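Hi everyone, thanks for making time. I'd like to walk you through a structure that's new to most of us, so let's get it up on the screen.

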Amino acid sequence: MAVLLVMYPGGAEDSLCKQGQECGYRLLRGKVGSMDSAKIFAAVETAAKKEGLIDQRYREEHALYHSVLEAYSGMCRGQDGLGAILRSAGLLFSIVRGKRLSDKGDDGEWISVALYGNMGAPIKGYEHEVLGLGMNPI
C-alpha cells in the first residue's frame with residue numbers, strides 16, 4: 001500500500017487512500033527535497049506526528065525511524081548519504097499504519113514508509129529515479 005500510494009500520480013491517490021482506509025489503514029502522503037538526509041527523516045517524522053500516525057511513545061517513534069532508515073537505505077542503494085557526496089533528492093513519501101495483512105490474523109500494528117522520486121547531482125538532468133521501502137512492527 002505504501003509503494004502504491006507514493007507512486008500514484010498527483011490527485012489520483014485519493015481513491016487509493018479511500019480504499020486503504022476501508023481496509024483499516026491510516027495513510028499519509030507528503031513531499032520533501034533536500035541535500036541533507038536529516039531533513040528527510042525530520043520531514044517524515046514531523047508529518048507522522050502532526051497527522052497522528054504515531055505518538056510520543058518510544059516504540060512508535062523507533063518503529064517509524066527504522067522504517068524511514070530502511071526506505072532511505074534502499075533509495076540510496078546502500079550508499080547512505082546525500083549532501084556530503086554532492087547528491088540531492090526530491091522525494092514523495094508515504095506512511096501507512098495498520099495490520100501487516102489486512103485480511104489475516106492479528107500480529108499487531110505495523111508502520112511502512114516509502115520514498116520515491118529523483119536523486120542525483122544537484123544539477124538538472126543529472127538525476128535518476130529512486131524507490132525505497134521500510135516496514136516495521138510497532
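Here's something to start with: of the contacts in the protein with a separation of 6 or more, what percentage comes from residues 24 or more positions apart? It's 62%. Keep in mind as we go that this is a predicted model.

Okay, the general layout. The protein has 4 helices and 4 strands. If you read along the sequence, the order goes α-α-β-α-α-β-β-β. There are 138 residues in the protein, and 40% of them are buried. As for the outside, about 7,500 Å² is exposed, and carbon and sulfur atoms supply 53% of that.

Now let's look at the largest pocket. It holds about 170 Å³ of space. It has 13 lining residues, and the ones closest to the pocket's centre are Met1, Ala2, Val96, Ser112 and Met135. Which elements give two or more residues to that lining? They are helix H1, residues 2-7, plus three strands: S2 at 88-99, S3 at 109-120 and S4 at 127-137. S2 gives the most, with 4 residues. And by type, the lining of the largest pocket divides into 8 nonpolar, 2 polar and 3 charged residues.

Let me stay with Met1 for a moment, since we just met it by the pocket centre. Met1 sits in the segment before H1. Is Met1 buried, exposed or partly exposed? Its relative accessible area is 31%, so Met1 counts as partly exposed. Setting aside neighbours within four places in sequence, Met1 is in contact with Leu16, Gly20, Tyr25, Leu27 and Val96. You'll recognise Val96 from the residues closest to the pocket's centre. And here's a nice pair to find on the screen: Met1 and Ala114 are 113 residues apart in sequence, yet their C-alpha atoms are 9.3 Å apart in space.

One of those Met1 contacts is Gly20, so let's hop over there. Gly20 is in helix H2, which covers residues 13-22. Gly20 has a relative accessibility of 0%, so it counts as buried. Beyond the neighbours within four places in sequence, Gly20 is in contact with Met1, Tyr25 and Leu27. Tyr25 and Leu27 were on the Met1 list too. If you measure C-alpha to C-alpha, Gly20 and Leu5 come out 9.4 Å apart, with their positions 15 residues apart in sequence.

Next stop, helix H4, which runs over residues 58-75 and is where you'll find Ser67. Ser67 is buried as well, because its relative accessibility is 0%. So what does Ser67 touch, not counting residues up to four places away in sequence? The answer is Ile111, Val113, Gly134, Met135 and Asn136. Met135 is another of the residues closest to the centre of the largest pocket.

Last, a quick word on cysteines. Cys17 has a relative accessible area of 16%, and the cut-off for buried is under 20%, so Cys17 is buried. Cys23 is at 41%, so that one counts as partly exposed. How many disulfides are there? The count comes to 0.

That's my tour. Happy to rotate the model if anyone wants another look.

Notes. Residues numbered from 1 in each chain as written. Predicted model: local features only at pLDDT ≥ 70, side-chain atom pairs only at ≥ 80, totals over all residues. Heavy atoms only, no water. 1 Å grid on protein atoms, 1.4 Å probe; cavity = no way out; pocket = protein on both sides within 12 Å on 5 of 7 lines; lining within 4 Å. Points joined across faces, edges and corners; volume = space filled by probe spheres on them. Nonpolar A, V, L, I, M, F, W, Y, C, P; charged D, E, K, R; others polar. Buried < 20%, exposed > 50% of the residue type's maximum accessible area, 1.4 Å probe, protein only. Contact = heavy atoms within 4.5 Å. Areas by Shrake-Rupley, 256 points an atom, 1.4 Å probe, with all protein chains shown as cover. Disulfide = S-S within 2.5 Å.
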